[in-house]
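Colleague: I have the coordinates open and would like to learn how to read them properly. Could you take me through some features one by one?

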Amino acid sequence: MSGKTEKKSDAPPGATDRDHDPVDEAYTIAGGIAHDLNTILTAIYGYSELALESAGDAAVVEKYIRRIIGAADRAKSLTGQLIDLSRGALQPRQSVNIGDILADTVRFIRPSAGDNITVTEKINAPGLVVDAVPAQLFRLFVNVAVNAMQAMKEKGGNLEISIDAVRDSNGSAGAPLNTALVQFADTGRGMDRETTEKIFTPFFSAGDREGGTGLGMMVVSAIMRDLGGAVRINSKPGTGTVVGLLIPLSGFGPLDEKSYLRETDR
Amino acid sequence: MAGVLIVEDDANLREMLRDALEKRKFTVITAANGREAIARFRPSVIDLVVTDLLMPEEDGLMVIMKIRELKPSVKMIAISGGGKAGPGSYLLMASTLGADHVFSKPFLPSELVQKVREILA
């Protein structure tokens with residue numbers, strides 16, 4: 001599928017909405033955490049009770065205890081997402097080379113890609129610097145990459161991550177490139193429009209909830225708002241998904257709420 | 001033995017509920033979302049549906065409505081961890097739609113099994 005961005009009169013599905021109420025968002029996040037933790041707790045209580053009932057069968061008890069650990073790992077991942085999210089408020093921003101964080105991300109995710117998924121990097125614009133908290137940027141890239149890999153889990157495929165320098169829609173042809181475009185293009189199962197519109201909703205999952213926290217893309221949305229950026233999603237069922245993260249370069253202000261890029265601008 | 005359809009998008013929890021019910025000799029079919037549940041529902045096999053409410057594809061409220069159309073006598077238990085619409089409110093909607101019982105997560109599998117037996121008695 002094509003990763004190009006096109007001129008549209010409105011923001012495409014999945015675009016981040018920067019006109020939001022932080023109190024509403026806090027309630028939504030709290031509801032999402034409660035929902036996910038209650039689900040995890042049900043699994044932990046349940047497998048504990050089943051293990052107690054199976055006390056005479058060591059193999060069965062071991063199976064249940066491993067599943068309890070699996071559920072606890074998910075809870076750990078959930079709190080990890082929240083801690084990374086809170087770092088944006090707790091730590092000062094600094095000038096960060098996007099390529100360095102992306103290299104860390106690829107090193108981190110590659111071992112879990114398995115034999116049937118390849119991860120390739122295409123740094124078309126090296127040395128781009130943005131104002132961010134490094135841990136937040138890392139979490140942002142990891143969450144998008146993990147989602148892409150989950151979409152290719154059954155059939156395998158390729159995740160291509162690219163970095164380009166672009167200018168937002170307000171920039172004339174001669175204006176400086178003011179935005180980093182970090183694009184994650186997978187060849188996975190893709191999503192229909194209805195699913196794409198829901199992916200920033202807490203505890204919504206585009207696939208089977210196995211190992212995920214249900215907060216990944218909501219965290220992506222929150223971090224992108226914090227960075228003054230925008231997310232563009234282009235997806236087609238059966239073909240794949242391209243997630244484009246538009247992040248203002250250091251020294252430039254936040255992107256317009258409905259900024260977009262035209263192919264000719266690139 | 002009675003047949004139960006479990007509809008839950010969390011894989012770990014879905015398998016736990018399957019184990020708990022199969023251990024008590026129920027015939028169990030599972031589904032990861034509402035659309036899958038409706039596709040896998042077999043009126044001749046399933047006597048009771050245990051469905052989560054917040055799920056991708058068709059949600060649990062749609063499961064209750066659509067499966068009731070396929071088999072009006074089927075029994076329904078709704079389960080939910082709360083969330084966007086506030087604690088309990090989705091469960092209230094499930095009750096309004098005719099769920100025979102609702103459980104707020106977390107709950108113990110023994111509580112669910114006991115309720116399944118009561119409802120099917």
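Modeller: Gladly, and let's begin with a term. Helices and strands are DSSP runs numbered from the N terminus, with at least four residues for a helix (H or I) and at least two for a strand (E). Please also keep in mind that this is a predicted model.

Colleague: With that in hand, where does B:Pro106 lie?

Modeller: B:Pro106 sits in the loop of chain B that runs between β5 (101-104) and α5. Here is the general idea for that spot: most peptide bonds are trans, and most residues other than glycine have a negative phi. The bond from B:Lys105 to B:Pro106 is cis, its omega being near 0 degrees.

Colleague: And which value does phi take at B:Lys25?

Modeller: Phi of B:Lys25 is near 70 degrees, which is positive although the residue is not a glycine. You will find B:Lys25 in the loop between α1 (11-23) and β2 (27-31) of chain B.

Colleague: Is B:Lys25 buried or exposed?

Modeller: To decide, count the other C-beta atoms within 10 Å: 20 or more means buried, 12 or fewer means exposed, and anything in between is partly exposed. B:Lys25 has 9 such neighbours, so B:Lys25 counts as exposed.

Colleague: Let me try that on a helix. Which residues of α5(B) are buried?

Modeller: They are B:Pro109, B:Leu112 and B:Val116. These residues span an arc of only 60 degrees around the axis, so they lie on the same side of α5(B). The other side of α5(B) carries the exposed B:Glu111, B:Gln114, B:Arg117 and B:Glu118. As for length, α5(B) covers residues 109-120, and its 12 residues reach 16 Å from first C-alpha to last, close to the 16 Å expected at 1.5 Å a residue.

Colleague: Which residues does A:Glu49 touch?

Modeller: Setting aside residues up to four places away in sequence, A:Glu49 touches B:Leu108, B:Pro109 and B:Ser110. A:Glu49 belongs to helix α1 (residues 22-53) of chain A. With 17 other C-beta atoms within 10 Å, A:Glu49 falls in the partly exposed class. Its C-alpha is 9.3 Å from that of A:Tyr64, which is 15 residues away along the chain.

Colleague: Now chain A as a whole. How many helices and strands are there?

Modeller: Chain A has 6 helices and 7 strands. Read from the N terminus, they come in the order α-α-β-α-β-β-α-β-β-α-α-β-β. Of the 266 residues in the chain, 41% are buried.

Colleague: In what order do the strands of the open sheet lie?

Modeller: The 5 strands of this sheet in chain A follow the order β2-β4-β5-β7-β6, with mixed pairing. At the edges are β2 (117-123) and β6 (230-236), each of which pairs on one side only. From one strand to the next, the twist averages 15 degrees.

Colleague: How do I follow a pairing residue by residue?

Modeller: Look at which residues stand opposite each other. Strand β5 (residues 179-186) and strand β7 (residues 240-248) of chain A are antiparallel over 8 bridges. Along this pairing, A:Phe184 faces A:Val243 of β7(A), and A:Ala180 faces A:Ile247 of β7(A). β7(A) also pairs with β6(A), again in the antiparallel sense, over 7 bridges. There, A:Ser235 has A:Thr241 as its bridge partner. These two strands make a hairpin with 3 residues between them, and A:Gly238 in the turn has a positive phi of about 85 degrees.

Colleague: How many residues of β7(A) are buried?

Modeller: The count is 9 of its 9 residues. A:Gly240, A:Val242, A:Gly244, A:Leu246 and A:Pro248 point one way, while A:Thr241, A:Val243, A:Leu245 and A:Ile247 point the other way.

Colleague: Last one: in the largest nonpolar core, which residues touch the most other members?

Modeller: In this core of 45 residues, they are A:Ile98, A:Val144 and A:Leu245. Several elements of chain A supply at least two residues each, including α3 (98-109), β4 (157-166) and β7. The most comes from α4(A), with 9 residues. Beyond its neighbours within four places in sequence, A:Ile98 contacts A:Leu128, A:Val130, A:Ile163, A:Ala180 and A:Val182. Apart from this core lies another one of 44 residues, with B:Leu13, B:Ala32, B:Ala78 and B:Ala94 among them.

Terms used. Residues are numbered from 1 along each chain as its sequence is written. Chains are lettered from A and ligands numbered from 1 in the order in which they are written. This is a predicted model: local features need pLDDT of at least 70, side-chain atom pairs count only at pLDDT 80 or more; totals for chains, interfaces and linings use all residues. Two strands pair if DSSP finds at least two bridges between them. Axes are lines fitted to C-alpha atoms, for helices over the stretch in contact, and angles run from 0 to 180 degrees between N-to-C directions. The expected span of a helix is 1.5 Å times one less than its number of residues. The arc is that of the directions from the helix axis to the C-beta atoms. A nonpolar core is a set of buried Ala, Val, Leu, Ile, Met, Phe, Trp, Tyr and Cys residues joined through C-beta atoms within 7 Å. Two residues are in contact if their C-beta atoms, placed from the backbone, lie within 7 Å.
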